[in-house]
Each structure stands twice: as structure tokens, then as C-alpha cells.
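Me: Please give me a close look at the salt bridges and the side chains that take part in them. I should like the cut-offs for each term stated along the way.

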Amino acid sequence: MSKLAFITGITGQDGSYLSELLLQKNYKVYGIVRRNSTIYNYARIEHIREKLNLVYGDLTDGSSLQQTIMNIVNSNENFEVLEIYNLGAQSHVAISFETPEYTAMTDALGTLKILECIRTFSKEIMKKIKFYQAGTSEMFGEVLEKPQKETTPFNPVSPYACAKVYAHHITKNYRESYGMFACNGILFNHESPRRGGNFVTMKVVNAVKDISGGELDCLTLGNLDSMRDWGHAKDYVRGMWLMLQQNNPDDYVLATGHTTSVRQFVEMAFMHENVSIVWDGDIGKDSITGKVLVKTDPKYFRPSEVDYLLGDPTKASEKLNWQPEYDLEKLIEEMF
Ligand code: NAP
Ligand code: GDD
């Protein structure tokens, strides 16, 4: 009997690592890919592309989701389980302020559309479907508790986080109303060499490399003082899978339990190239030459900011036996 997985966001950072994990575990892996004017959105899964079953689709297109999930179920008679991982999203917080409606349609209503597809199946089929929703520590927003855990109230401060709060609650609602096996992950920031170039860690690592290579003079950032709990995506996709292997569906925080400022991350990244940074306010200089290597620009600041994220992964550790294998030093090393 076959184990099936359907991944939205399969071309993204997490989708690519999750696909690798599930292929290793002999799942038949399906995914939707967005039509793009270039072919570059396949870059992260190019090495496994032939092993995946990919179709065009979009989270804003309910009929494409319905048809894809129907086809998976109908073409795999007597399957053991179908795990649906909803990782697709407009995932950039700053960009969500510029595209709030699209972010809500994809991140909030896209989730509802998948849950509705699952609901149309008979009870017998529904029992074999498990759903994972990619929730985020951004939902804690202007935090009401430190550290943040599953019971910490949400207080979102961006269109992205508001959309994800809807997705979280609708997932819980379908679990409770229809008895679906549906889990919410509440994942703190996780990075990797496959991280998109406009997230701060990848932007910093790329800039430090370019400055070392003489191709860039200075790194320009926004808020240097926000604190993030940064882990490695490989650890986090393992946690997603573990959530769906439990006897009962539940919600879990995945985090490292350590927090670091953007400013400290910049220092660590330069240190990787043996450059020590001294700060004059928000200007970062090479401690030996005095050359300005870091500055800020108002265009990278957000209309409202999440200042402090620190996760408490105790529940995941106790119930899923999940522990991250990477610390921040090891993550930065791999990103370089
Ligand atoms: P990512 O690299 O930005 O990938 C996002 C994926 O979603 C891509 O495959 C993208 O397709 C796809 N997508 C975007 N809009 C879509 C739409 N309308 N229909 C279908 N697919 C769409 O994000 P990630 O870092 O892998 O994160 C995965 C999920 O976890 C996201 O839901 C994110 O919000 C959530 N999350 C991430 C973190 C983190 O720190 N990484 C933390 C907590 C939660 P293209 O390749 O075509 O753009
Ligand atoms: N992107 C970016 N670019 N962020 C910057 C910059 C810059 O030039 N300068 C400072 N920052 C600050 C941001 O203001 C934020 O406080 C912090 O760096 C991290 O920003 P991002 O790397 O863009 O990540 P994020 O924390 O906003 O969101 C990521 O993590 C969430 C989980 O908490 C994304 O992956 C979300 O999808 C995810 O849900």
C-alpha cells in the first residue's frame, strides 16, 4: 500500500527539503508548481524533479486544487495515507504590506480551499488524509509572552501574519468540526543555503561574500535590532513530518530556543570571513581599516515590526521527540 504526499510550495525552500525527506521514506510525492515566465522556480528541486509528480496549480485557484487532489486519490487505489503539506504562501513579510490582498488570498483562503477539498471526500477516504498547515511565529507579532509557546496568544502585526492567523484557526476549526487529521505547525524562522535571497540571513551572507570578493562595497539593511530564533530548514521539515505521524492531530511550536539580533547575525557572518565589525550607531565598520561595510536605508524598514521572537519547543521535544541538529554557527557555515 502506497504512502502519498501532496505538497503546495514544493518549489520553495521547505518544499524542496521536505520532498527529499519523503522520497527517502518511499512516499510518492506530488506537488503543484506555478506557471512562471521563466523556468527558474524549479531550481531547488531540479536534482529530484524526475522523481516528483508535478502539475501546474495555484492556491488561488480552487478548481486546480480540487482536480489535483481528486486525481491523486483516484489514481492510487487502496493507498495507505495521503499527507497534504500546505507550504505554499506569499511568505515575505515586508512584501505582504505591498500585496495584502494577494497575500490573504493565497495564505488564508488558499488554506481554506484545501480544507474544503478534503471535506468533499467520503468519511472512509477522509480518514486516510492528513493535513499540515505551515503556520509561523510571525503570528505572535508584538509578543504577549516570552518565550512564545503553543498557548501564547497571537497578536499579528502584518498582512502576512493576519492571513496566517486565519489559516491557523480555520485548520483547527476543520479539525474540531469535521474530525479531520489536521495539524498546525508554528515554526520560527528557518534558513538554509536554499533560502530566498531577499530574506535577511541570505541577503547578509551573499553580501559578505561579495564584499570579500571585492564585488560590493557595503551591505544595506533595515532594522538591525530585531531578534529572531533562527534554525535550519532541514530540521524543521523533519518536525512537520513527525507531526503527521502521531496518533492524534495537534499544534506544535518548532524553534531552537535561542534568539539573536540581526546586528549579531551580521557580526557572525563577517567574522566568518575574519572581518570584525565595530558599530557607530547603525553604521558598521571594519575594526581594522575603518571602512564602512554596513549601513541602513529607510526603504528596508517595515510599517510595523516584530521586535522579538524566541520559541519554546518543549512540547515538540517531549511529544515528537524532535530536537534541532543545527545551531546558528553550523547554519551560517553551511549557508556560506
Ligand atoms: P518560500 O521559499 O518562499 O516558498 C514558498 C512557496 O510557495 C514557493 O514554492 C512558491 O512558489 C509557493 N507559492 C507562492 N504563492 C503561491 C500560490 N499563490 N500558489 C501556489 N504556490 C505558491 O517559503 P518557505 O521558507 O519554504 O516556507 C514554506 C512555508 O512555511 C510558507 O507557507 C511560509 O509562510 C511558512 N513559514 C516559513 C518560515 C521560514 O522561516 N522559512 C517560518 C514559518 C512559516 P514559487 O517558487 O513559484 O514562488
Ligand atoms: N528581509 C529583510 N531585508 N529583513 C531585514 C532587512 C533587509 O534588508 N534588514 C533588517 N531586516 C529585519 C526584518 O525587519 C526582520 O525584523 C528580520 O530582519 C527578519 O526578516 P526576514 O528575514 O525577512 O524574515 P521575517 O522574520 O520577517 O519572516 C520570516 O520568518 C517568519 C517566521 O517568523 C519569513 O520566512 C516568514 O515567511 C516566516 O513566517
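Reply: Accessibility is described here in three classes: a residue is buried when its relative accessible area is under 20%, exposed when over 50%, and partly exposed in between, with a 1.4 Å probe and protein chains only. The model is predicted, so local features need pLDDT of at least 70 and side-chain atom pairs count only at pLDDT 80 or more, while totals for chains, interfaces and linings use all residues. Residues are numbered from 1 along each chain as its sequence is written, chains are lettered from A and ligands numbered from 1 in the order in which they are written, and side-chain values use heavy atoms, with hydrogens and water left out.

A salt bridge is a side-chain nitrogen of Lys or Arg within 4 Å of a carboxyl oxygen of Asp or Glu. The structure contains 14 of these salt bridges. One of them links glutamate 46 to arginine 49, with 3.4 Å between the closest N and O atoms. Glutamate 46 is partly exposed at a relative accessible area of 43%, and arginine 49 is also partly exposed, at 31%.

A further salt bridge pairs lysine 149 with glutamate 145, at 3.1 Å from N to O. Lysine 149 counts as partly exposed at 30% relative accessibility, and glutamate 145 is partly exposed at 27%.

The salt bridge between glutamate 305 and arginine 228 spans 3.5 Å from N to O. Glutamate 305 sits in the loop between strand 15 (292-296) and helix 10 (314-320), whereas arginine 228 belongs to strand 9 (residues 227-228), so this pair ties together parts that are 77 residues apart in sequence. Helices (H or I, at least four residues) and strands (E, at least two) are DSSP runs, numbered from the N terminus. Arginine 228 is buried, with a relative accessible area of 6%. Through salt bridges with shared partners, Glu138, Arg228 and Glu305 form one network.

Another charged side chain can be described through its surroundings. Arginine 119 lies in helix 4 (residues 100-119) and is partly exposed at 35% relative accessibility. Its side chain makes a polar contact with that of glutamate 116 at 2.7 Å. A polar contact is a pair of N or O atoms within 3.5 Å; within protein, one must be able to donate a hydrogen and the other to accept it, and residues adjacent in sequence count only if both atoms are side-chain atoms. Leaving aside residues up to four places away in sequence, arginine 119 touches Met126, Tyr174, Tyr178 and Met180, where contact means heavy atoms within 4.5 Å.
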